[in-house]
Amino acid sequence: MDLLIPEIGLLAWNTISFLVLVFLLGKFAWKPIMKGIHDREQSIDEALNKAELARQEMARLSAQNEDLMKQAREERDQILKEAKALKDGIVNEAKSQAQAEGAKLIEKARIEIENQKKAALAELKGQVSALSLDIAERVLRTQLDDKAKQQELVNNLLKDVELN
């Protein structure tokens, strides 16, 4: 049952950090991205309009038309490549940030677990030593209640001291 608590906490923190990330991206990144995409869309529309004019001009000037069409296609391809590169960069950056945040949270949880484990072991050692002292005290009281037992214990201790 104790093993589930850190996993639930980790899940909660991961969920919170993901939601914060989504909120921050929605708050600060979504509008500029959409504006950039809209601007790109407008520039693509403008490029397509220019291409249409170039086709009309081709009816009159076939030599100039080939150059204009080639230029319009290159411009459109470049705009699409830039938009794709921008999208890929933003996605990769968001993934990297999410992975970094996840790694930080996992490390913090691991450190917290280790600290709690050390604290529990220290508390357990204190309790064991207190319990050992209590047991020793009770044993000695029981053995030293009778004068004959006291004398016997002293004689045994003296024999042990002489042997060592």
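Author: A salt bridge is a side-chain nitrogen of Lys or Arg within 4 Å of a carboxyl oxygen of Asp or Glu. This is a predicted model: local features need pLDDT of at least 70, side-chain atom pairs count only at pLDDT 80 or more, and totals for chains, interfaces and linings use all residues. Residues are numbered from 1 along each chain as its sequence is written, and side-chain values use heavy atoms, with hydrogens and water left out.

Reader: What pattern does the protein chain follow along the sequence?

Author: Helices (H or I, at least four residues) and strands (E, at least two) are DSSP runs, numbered from the N terminus. The protein chain has 3 helices and 0 strands. Read in order, the pattern is α-α-α.

Reader: What percentage of the residues in the protein chain is buried?

Author: Buried means under 20% relative accessible area, exposed over 50%, and partly exposed in between (1.4 Å probe, protein chains only). The protein chain has 164 residues. The buried share of them is 7%.

Reader: Of the contacts with a separation of 6 or more, what share comes from residues 24 or more positions apart?

Author: A contact means heavy atoms within 4.5 Å. One pair of residues far along the chain is Glu 46 and Arg 76, 30 residues apart, with C-alpha atoms separated by 9.8 Å. For the whole chain, residues 24 or more positions apart supply 56%.

Reader: How much of the exposed area do carbon and sulfur atoms supply?

Author: Accessible areas come from the Shrake-Rupley method with a 1.4 Å probe; for residues, only the protein chains shown count as cover. The protein chain exposes about 14000 Å². Carbon and sulfur atoms supply 62%.

Reader: Which residues make the nonpolar surface patch?

Author: Patch residues have over 30% relative accessible area and no salt bridge; like charges are joined within 9 Å, nonpolar side chains (Val, Leu, Ile, Met, Phe, Trp, Tyr) within 5 Å. Leu 24 is one of the patch residues; it lies in helix H1 (residues 4-60) and counts as partly exposed because its relative accessibility is 39%. The patch covers about 650 Å² and is made by Trp 13, Ile 16, Val 20, Phe 23, Leu 24 and Phe 28.

Reader: Which residue forms a salt bridge with Arg 40?

Author: A search of the whole structure finds 6 salt bridges. One of them links distant parts of the chain, from Arg 40 in helix H1 to a partner 42 residues apart in helix H2 (residues 62-143). Arg 40 is partly exposed at 30% relative accessibility, and its partner is partly exposed at 31%. The closest N and O atoms are 3.0 Å apart, and the partner is Glu 82.

Reader: How far apart are the closest N and O atoms of Arg 110 and Glu 107?

Author: Side chains of opposite charge can pair when their charged atoms come close. Arg 110 and Glu 107 both lie in helix H2, 3 residues apart, about one turn of the helix. Arg 110 is partly exposed at 46%, and Glu 107 is partly exposed at 35%. In their salt bridge the closest N and O atoms are apart by 2.4 Å.

Reader: Which residue meets Asp 77 in a salt bridge?

Author: Asp 77 counts as partly exposed, with 36% relative accessibility. The partner is also partly exposed, at 32%. The N to O value is 3.8 Å, and the partner is Arg 76.

Reader: Which residues are linked in a network of salt bridges?

Author: Here the charged side chains are not a single pair but a network. Its residues are Lys 84, Lys 87 and Asp 88.
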